[in-house]
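Student: I would like to go through this assembly and ask, for each term, what justifies using it. Please show me the model.

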Amino acid sequence: MLLAKVRGTVVSTCKEPTLSGVKFLLVQLLNEAGELLPEYEVAADVVGAGNGEWVLISRGSGARQHEGYFERPLDATIVAIVDTVSLDGGNLYSKREDFS
Amino acid sequence: MLLAKVRGTVVSTCKEPTLSGVKFLLVQLLNEAGELLPEYEVAADVVGAGNGEWVLISRGSGARQHEGYFERPLDATIVAIVDTVSLDGGNLYSKREDFS
Amino acid sequence: MLLAKVRGTVVSTCKEPTLSGVKFLLVQLLNEAGELLPEYEVAADVVGAGNGEWVLISRGSGARQHEGYFERPLDATIVAIVDTVSLDGGNLYSKREDFS
Amino acid sequence: MLLAKVRGTVVSTCKEPTLSGVKFLLVQLLNEAGELLPEYEVAADVVGAGNGEWVLISRGSGARQHEGYFERPLDATIVAIVDTVSLDGGNLYSKREDFS
Amino acid sequence: MLLAKVRGTVVSTCKEPTLSGVKFLLVQLLNEAGELLPEYEVAADVVGAGNGEWVLISRGSGARQHEGYFERPLDATIVAIVDTVSLDGGNLYSKREDFS
C-alpha cells in the first residue's frame, strides 16, 4: 500500500454500470518524508475519507477485495485512514495534530 | 484509476479472436493539473467515449471486470466519462464548459 | 494495451514445461508519436506477427486470457497486429503504407 | 520480490473491516547494492520483521497468497526476513554481522 | 517477460511457510542492447539457472503459473534460460559463445 493525501473528487454520470454508487476521490501520493509526489490516483473510497486526510491506497486486484467490489472495474481503493506514521523511531505524521 | 484524454483510434483486423468487436481508443494520461503526460494507453471502450473527452481508465485485471470481458486479453479499459474534477475545493475540469 | 514494434526473437530450450511451443518475440514499446521507447518486452505471440510490424501487447494477467494460455507463466502477449493508428484526426500509422 | 529495509509503522483505526489485526510496516526499497531507494511500501507483515531488518516484499496479488489473506485488500506483504545476500560471488549483506 | 542476468542468491530461514524449498536468485534486468539496468528482482527459480546466465523472468500473477506455485506469495519467477536473442536480423546474445 502507499500513503496518499485526499485532494478532491471526480464525478461521472456515464460510467460502467457496476460503478454506480462508488465514490471516487482524487488522492495524491506521498513520499516516505510525507511530501506530495507528482503521482496521483482516482480511488474508490470504502472508509469515508475526508479532504486533507492521509490514507492508505491499495492498487491492482487488491483494490477489489471488499464486499460487493470483487467484480467492479476498479484498480485503486482507499482502504484505511491513517492515524500515525512512525519512521526510524520518530513520529512522521499524527492525524490528531494535523486536524486539531 | 487514472484521468486520461481521448485522442485517437487503433484499428486491427488480425487480432486475438475474443477481441472481435472491442473498440480500441488511444487515450493519453493527464496529471493532477490536467496536463497531458507522455504516457498513453490503448484502452477498450465500454462507455462510448468521444474524442477530446476526459475519461477514467482502469488497468490490469480491473480492465476486465465487465460483462463479457472477463476472459478477453485486455489490460486497460475506459470505465467512465468524467463530468467534473474538483481539487482542493476548486474546479479543475468541467465537461460542460469544455464542450460548450 | 501498448503499441510496440516487433524487433527480434528469443529462443530457449530449457524453460518452464508449459511454455513449450510458445513463440517469444522481442518487441520494443512505442510512444504516442510512434517513436521507439527504451522499454521492451519479450512477449508470447498468438497472432503471427512479423518483424517490423506494429502490434498491441497486453501485459499482466491479461496476457494469459487466450485459449490454452490461462495457466502458463506469461506476463506479456501480442494480441493484435495494428492496421492503422489515428491521432487528433490525423493518421499516425498505416500498415499498408509502411509495408508497401 | 524486492529487497527492502524496515523503517517504521503505520497505524489506522478506521480501515476496511478485513484489515483488522493486520500489522502495517513502512519498508523502504533497496537497490542491488544495498542502498536505500526513494521508493517505499506500506506492507503487511506475516513473518514478524523488526526495525532495521532486510526483508523481501511481494507485491500485487502475490501479497495475498497467505492463509487468511486471500480476500483482504492488500497489495504488498513482507514474506521473508533476509539472512544473506550474495552478489557476483561476494557477500552483499549478512544479518548476523549487521545485528551483532 | 523481461531479459535478466543471474547475479546472486538470497537466503532466508524466517519466511512465509509456503516459501520453504523455493530457491531465490537475484537477477538484474537487461535492456534491449543487453546492458545491465539499475533494476533487479529477487525471483524464484524453477528452471535451474546458473550464475551469469541470461534468463526470462515473469512477474505478477504470471510468476505463480507453475505446478505447486499457484498459492505461494511470489511475484517474480525465472521461467526460461535464454539460448539466443536475435535483434533486427542480427545476433544480440548466444549462450554458447558466452559460456565457451
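Tutor: What follows takes the confidence, the symmetry, the interfaces and the salt bridges in turn.

Student: How do you know how far chain A can be trusted?

Tutor: This is a predicted model, and confidence is scored per residue from 0 to 100. The mean pLDDT of chain A is 96, and 99% of its residues reach 70 or more. For the complex, the predictor gives an ipTM of 0.96 and a pTM of 0.96.

Student: What makes the relation of chain A to chain D that of a five-fold axis?

Tutor: A turn of 72 degrees, with a shift of 0.0 Å along the axis, lays chain A on chain D with an RMSD of 0.0 Å. That is the relation of a five-fold axis. The copies use different surfaces, since 7% of the contact residues of chain A recur in chain D.

Student: Which rotation superposes chain B on chain A?

Tutor: A rotation of 72 degrees with 0.0 Å of shift along its axis does so, at an RMSD of 0.0 Å. Only 7% of the interface residues of chain B are also interface residues in chain A, so here too the copies meet through different surfaces.

Student: Why are chain A and chain C said not to touch?

Tutor: Contact requires heavy atoms within 4.5 Å. Chain A and chain C do not touch, and their nearest C-alpha atoms are 10 Å apart. Chain C and chain D do not touch either, again with 10 Å between their nearest C-alpha atoms.

Student: How many residues are in contact between chain A and chain D, then?

Tutor: The contact involves 27 residues of chain A and 30 residues of chain D. About 2300 Å² is buried between the two chains, and carbon and sulfur atoms give 51% of it. On the chain A side, Met1(A), Glu32(A) and Gln65(A) lose the most area to chain D, together 28% of what that side buries.

Student: Why is the pair Asp88(A) and Arg7(D) called a salt bridge?

Tutor: The rule asks for a side-chain nitrogen of Lys or Arg within 4 Å of a carboxyl oxygen of Asp or Glu. Asp88(A) and Arg7(D) meet at 2.4 Å, N to O, so the pair satisfies that cut-off. The rule finds one salt bridge across this interface, and 17 residue pairs in polar contact. Strands S1 (2-11), S5 (54-59), S6 (76-81) and S7 (84-87) of chain A each supply at least two residues of the side that touches chain D. That side divides into 15 nonpolar, eight polar and four charged residues.

Student: What does the contact between chain B and chain A take from each chain?

Tutor: It takes 27 residues from chain B and 30 residues from chain A. The buried area is about 2300 Å², of which carbon and sulfur atoms give 52%. Met1(B), Glu32(B) and Gln65(B) lose the most area on the chain B side, together 29% of what that side buries. Asp88(B) and Arg7(A) form a salt bridge at 2.4 Å, N to O.

Student: What makes Lys95(C) and Glu53(C) a salt bridge, and which parts does the pair tie together?

Tutor: Their closest N and O atoms are 2.8 Å apart, and the limit is 4 Å, so the pair qualifies. Lys95(C) lies in helix H1 (residues 95-98) and Glu53(C) in the loop between strand S4 (36-45) and strand S5 (54-59) of chain C, so the pair ties together parts 42 residues apart in sequence. Over all chains, a search of the whole structure finds 20 salt bridges.

Technical notes: Residues numbered from 1 in each chain as written. Chains lettered and ligands numbered in written order. Predicted model: local features only at pLDDT ≥ 70, side-chain atom pairs only at ≥ 80, totals over all residues. Heavy atoms only, no water. pLDDT = per-residue confidence, 0-100. Least-squares fit on C-alpha atoms with pLDDT ≥ 70 in both. Buried area = accessible area lost by both parts, 1.4 Å probe. Polar contact = N/O pair within 3.5 Å; in protein donor to acceptor, adjacent residues only side chain to side chain. Helix = DSSP H or I, 4+ residues; strand = E, 2+ residues; numbered from the N terminus. Nonpolar A, V, L, I, M, F, W, Y, C, P; charged D, E, K, R; others polar.
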